[in-house]
Amino acid sequence: MERQTILHMFTPGRQMSPFDINMAVDAGYQVVVPYCGVAAGEIRGLTQDAIFSRGPKGVKATGIFIGGRDVLLAADMLDSARQAMVPPFAVSVMADPSGSYTTAAALVACVERRLQQAHGTDLAGKGVVILGGTGTVGRIAGVLAAGLGARVSLGHHVDRAQAEDAALATGERFACRLQGVDASTPARRRELLAEADVVLATAAAGIQVVDGDTLAAAGRLLVAADVNAVPPSGIAGVGVMDDGVPLPAGRGVGIGALAVGNVKYQVEHRLLVAMRTAEKPVYLGFNEAFAEARAVLAGEG
């Protein structure tokens, strides 16, 4: 009898994201089981419970998904699950806390493409300001952009100390350099954008972090990208469907939330399918998500 495909979904939070459960079912998993309130120290035991009960052949039909809201903890859990494998008892594992790994991957890949298409350049050496940069998507977008050679500033809406703490912790965990900056007032945001080549708006839904006057004064901007699909837009003048649409002023182009979201959806779906169909275990974090986002935009697969 052919074994059913099972996805065990671990989250340190009180509940697993319904979005991710839907995605898992649509990716072909027949049995999807959420586990809530999972502590980091429990990952090893849960993983080994999942791998030993199905035999060396049955593990191919088994996967693990790690959610939650903490991008650093999710990375640690992914590492713990991988280290808990006992070949040939080994299964595929994917981490995507709050959808941040796949969303950040899609965001940076979209920016990278528009920089090349509109300006014939890339992220190397560019000044990237991320407003809402201490959140889940902002931190990982910062890591990916820094990995491509950008000078990344994570902005916080309250004070610089929180931004610096987030930049330091994230940079240390993922071996990159990030700068924390004060983005608490319109005047301060105007100063930041005046020196930016790229601005990414990754604040909470329904919060506008760049108004029209600030955007108009950002004369050197090449790309402005927003992941907020809930009105008002995170960046005034960038529509949710925009994908390379010229900004109201200057020579930059805008990328809206649904343009990013379309790529994010495809990336998550592809990674979940890749886990389910892999002949050998795969371990999928934000770097793998970014590679997949590039493939989506290149029309591959």
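**Exercise 1.** Leaving aside its neighbours within four places in sequence, which residues is R114 in contact with? Place R114 in the predicted model.

*Solution.*
- Start with the secondary structure. R114 lies in helix α5, residues 100-119.
- Check accessibility. The relative accessible area of R114 is 16%. Buried means under 20%, so R114 is buried.
- List the contacts beyond four places in sequence. They are H119, V223, D243, G244, V253 and I255.
- Look for a polar partner. A polar atom of the R114 side chain lies 2.9 Å from the backbone oxygen of D243. D243 is also one of the listed contacts.

**Exercise 2.** How many aromatic pairs does the structure hold? Work through the pair of F10 and Y35.

*Solution.*
- The count is four aromatic pairs.
- Take F10 and Y35. Their ring centres are 5.1 Å apart, with 80° between the planes. Planes over 60 degrees apart count as edge-to-face, so this pair is edge-to-face.
- Locate both rings. F10 sits in strand β1 (residues 6-10) and Y35 in strand β2 (residues 31-35). The pair therefore ties together parts 25 residues apart in sequence.
- Compare burial. F10 is buried at 1% relative accessible area. Y35 is partly exposed at 25%.

**Exercise 3.** Which parts does the pair of F174 and F286 tie together? Describe its geometry and setting.

*Solution.*
- The geometry is edge-to-face: 5.0 Å centre to centre, 90° between the planes.
- F174 belongs to helix α7 (residues 160-174), F286 to helix α11 (residues 286-297). The pair thus links parts 112 residues apart in sequence.
- F174 is buried, at 16% relative accessible area. F286 is buried too, at 8%.
- Widen the view. Y101 joins F174 and F286 in one aromatic cluster.

Key. Residues numbered from 1 in each chain as written. Predicted model: local features only at pLDDT ≥ 70, side-chain atom pairs only at ≥ 80, totals over all residues. Heavy atoms only, no water. Helix = DSSP H or I, 4+ residues; strand = E, 2+ residues; numbered from the N terminus. Buried < 20%, exposed > 50% of the residue type's maximum accessible area, 1.4 Å probe, protein only. Polar contact = N/O pair within 3.5 Å; in protein donor to acceptor, adjacent residues only side chain to side chain. Contact = heavy atoms within 4.5 Å. Phe/Tyr/Trp six-rings, centres within 6.5 Å; stacked < 30°, edge-to-face > 60°.
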